[in-house]
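Hi,

Here is the structure I promised to pass on. Have a look at it first, and my notes follow underneath.

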Amino acid sequence: MARRLAAVLTVVLVGSPLLIASSTAVLALGAAAMMLCFLGILAATPVLVGGMVLALGEYTLALWLAGGPPRLAGAVLFGVVLVLLLETADFGRLAHRATLGPGLLAAQIRSWAVFAAFAGVGALVASTGANVTSAAVRLPWAPAVAAAGAAVALVGVALALSYRRLPPRD
Amino acid sequence: MTMRLTPLALSVVTVCAWGLVLGVLSGRAELAVVVLPLLLGLLRIGRTVAAREWSLARALSAPRVFEGERVTVTVTVSADGPVPLLELFEPLPPTLRLVSGHNRGLFTLGPGRSVEWRYEVECVRRGRVNLGTVHARFWDRAGLEAGETSVRLPGQLRVYPRPLPLRRLPGPRRMQAFVGNYVAPSLGEGLEPGDIRAFVPGDRVRHVNWRASLRFRQLFVTQYHQERNADVVLMLDTLAEAGAAPATTLDASIRAAAALVTGYLARKDRVGLIEYCGPFRWVRPSSGRAHHERLFEALLRADVMFSYVTQDVALVPRRVLPPQALVIAISPLIDPRFERALVDLAARGFDLVVLSPSPIPLVRRAMRPSARADLACRLWALERRARADALHRLGITIVDWDPAESLEAALGGLTPSRRRGVVR
C-alpha cells in the first residue's frame, strides 16, 4: 500500500514539471527520474534520492524554459510531494515482508496527511511572507540563499559524521 | 534506549541542499520554496521520547513437537503509553522454517492497548530450539529517528526426531527373564505350544492334551514356550556425519533410532542407548513411557562431537551393555574407530546387527551433478561394499540402508536370515 502511494507520488513529482514546460529535455530527465525513483522505492533510499535529485533538475529546467513569474503554490506542492515520497518509500520498505498491526496504515496515512497540510500551509505562509518582505526590503537574495544552502550542506555533513549506522532490518 | 537519526534524515538534508544549489544556479525563487516543506519536516526531529512504555510476552502453541510439525508463535505487545511505530524482529534459528506470517512486525499502539502478532514455523530438524531474543526498533512517525533495544523472552522448543514408520523389528536371538512378546526356546507358561510329555502329578488338568492321551491311552500334557522380553541396546555412531542438514547421516540414524526405540518399547522390551562419540554417553536399558521420553531426550542432544579420544567398548558398564542384549549399531561406517568397536563387540559374543545409513545418496544430493562426482561416488560405494564384506566375514550382520527409502524395507530382508540362525 505504502509503495503504491509512493509510486503515485513519483508520477506526480515527475509529471508536474511537464505541465510547466513540456519539452523533450524535460521529458527525458523526467523519464530517467521516474525510473530511478521506482527503482529506489523497491531497492534503497540512496537510489530514490538520486531519482529525486534528477526530478529537481527536471523541475528547474522546466521553470527555466517556461520563464514568467514565480509559481509559489506549485513549488509548495512539489516540496510536499518530495517529503511524502521519501517518507512513504521508506515506510514501504520497512513494511515489506512484515506483519502490520491493526490500524497502523491508517494512523500512518493520517500522520502524513496532517504533516502535508501543515507543511503546505507553513510553506505557503512563509513564501507569501517572503514575497511581501522582498517587495518592501531589497536584499541581495541570491547570496543569502547561497549562504543558507551552504549552511544546510554543512549541517548535513555534520549529521552524516555524527550518524552511526543502524543494523540492517533483516 | 537512545534515539538516533536514520538515513532518511540524511536523505532529506541532501535533497534540501540540492534544491538550494539549483535555486542559486537558476535564480528561481520556486526552488527555495520547494525546500521549505523538507525543512519543516526536519523540525520533527527530537520530538519523540524514547520511553520504554511497552512490554512483550511470547507463547508457543506446543513446547514439544516432532520434526516436520508446525508451531504457532504468538507475541503479545502491550503498551502503557503511546507507541507511534514499533518494529519487532525475531530471528529464527536454521532449524525452523517460516511457513505463514512474518517474523518481523510493525505496530502502533495507544496507551493501555495490546496487540497479538502470530506466525507459524515448521520444525525442520531435531534439537532444542531457543527463541530467546526479540529485537525491537522504536521509530518516530516520520521515520527520521529510531532507537533499538533487545528483549529476552523465554521460549524453548524441543523438536524430537520423527520416528520412521516401522512394523517389523529385528528379533533378538536371546531373551531375558521378564515377560514379553517373544517366544523363548525355554518351556514354561505361555501361549505357543512347544512339546508333549507324559503327565506327572502336579500338572494342570487344562494342560492335558486329550487328543494324544486318547490315542496312546495314557495322559499327556502340552508344554508351552515361555514368552519373554529382550534387552536391546542401540549404539549410535556420532563420530562423523556426511550430507547437508537436515538430511545428514546422523539425522537419518537418529530417525531410525527413534523408530527402533518406539517399536521395541511397544513390545515391552528394555531398550538402552549408547552414543558412541569421543567420550561415551549412555542411557541404561529400561522400559516404559518415562524411559521412552528419556531416550528421546538423549536422541535430542545427540550430535557429532569430534574427538581424538577413542574409548574402548569394554569401558561401558555391564548394566548398560548386558551380555544377552541385542546390540543394534547405527552407523554410516565412515569412521574406522567405530568399525573397531563393532569387531570388539562381535568378538565378545554380542548379538550384533549393524544398520548403516548410506552416506552416498545424501552426499550426492548435496553436490552438483558431475561426471567426477559420479565416479567418486561409485568408488566410494565399492569401498563401502568391501568394508561391509570384511565385517560380514567376521560374522557381523550389516544392513545397508538408503535413507531416501523405507527403513522397514531395509530391515525386512534381515528378519528371515536371523530367524534361520536363532540360537537355542
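The contact between the two chains draws 58 residues from chain A and 53 residues from chain B. Keep in mind while you read that this is a predicted model. On the chain A side, the elements that each put in at least two residues are α3 (45–66), α4 (72–95), β1 (99–100), α5 (104–136) and α6 (141–162). The top contributor there is α4(A), with 14 residues. Sorted by class, the side of chain A that touches chain B holds 38 nonpolar, 14 polar and six charged residues.

So what does α4(A) do at the contact? It packs with helix α2 (residues 29–42) of chain B at an angle of about 40 degrees, and the axes are 7 Å apart. Angles under 35 degrees would count as roughly parallel and 65 to 115 as roughly perpendicular, so α4(A) and α2(B) come out as oblique to each other. The crossing of α4(A) past α2(B) is right-handed. If you want to look at the residues, α4(A) brings A:Leu72, A:Ala75, A:Val76, A:Phe78, A:Gly79, A:Val80, A:Leu82 and A:Val83, and these meet B:Glu30, B:Val33, B:Val34, B:Val35, B:Leu36, B:Pro37, B:Leu38 and B:Gly41 in α2(B). By class, that helix-to-helix contact has 13 nonpolar, two polar and one charged residues.

The bit I'd open next is a sheet with strands from both chains. It is an open sheet of six strands in the order β1(A)-β7(B)-β5(B)-β10(B)-β11(B)-β1(B), and its pairing is mixed. Which strands stand at the edges? They are β1 of chain A and β1 (4–5) of chain B; each has a single partner strand, so one side of each is left without a neighbour in the sheet.

Here is how those two ends are joined on. At one end, β1(A) pairs with strand β7 (residues 104–109) of chain B in the parallel sense, over two bridges, and A:Leu100 is found opposite B:Leu106 in β7(B). At the other end, β1(B) pairs with strand β11 (residues 145–152) of chain B over two bridges, this time in the antiparallel sense. B:Arg4 has B:Ala146 in β11(B) as its bridge partner. There is also a helix on this sheet: α5(A) packs there and touches β1 of chain A together with β7 of chain B, with its direction at about 60 degrees to that of β7(B).

Chain B has another open sheet of six strands, ordered β17-β16-β15-β18-β19-β20, again with mixed pairing. Its edge strands are β17 (281–286) and β20 (397–401), each pairing on one side only. From one strand to the next the twist averages 15 degrees. Within this sheet, strand β15 (residues 231–237) and strand β18 (residues 326–330) of chain B run parallel and are joined by five bridges, with B:Leu236 opposite B:Ile330 in β18(B). Helix α4 (residues 249–266) of chain B packs on the sheet, where it touches β15, β16 (270–276), β18 and β19 (351–357) of chain B; the helix direction makes about 170 degrees with that of β15(B).

Last, the domains, in case you want to split things up. Chain B is divided into domain 1 (4–42), domain 2 (54–160), domain 3 (179–228) and domain 4 (231–420). The C-alpha centres of domain 3 and domain 4 of chain B are 40 Å apart.

Cheers

Technical notes: Residues numbered from 1 in each chain as written. Chains lettered and ligands numbered in written order. Predicted model: local features only at pLDDT ≥ 70, side-chain atom pairs only at ≥ 80, totals over all residues. Domains from an automatic or database assignment. Contact = placed C-beta atoms within 7 Å. Helix = DSSP H or I, 4+ residues; strand = E, 2+ residues; numbered from the N terminus. Nonpolar A, V, L, I, M, F, W, Y, C, P; charged D, E, K, R; others polar. Pairing = 2+ DSSP bridges. Axes fitted to C-alpha atoms, helices over the stretch in contact; angles between N-to-C directions. Parallel < 35°, antiparallel > 145°, perpendicular 65-115°, else oblique. Left-handed = near helix turned anticlockwise from the far one by under 90°.
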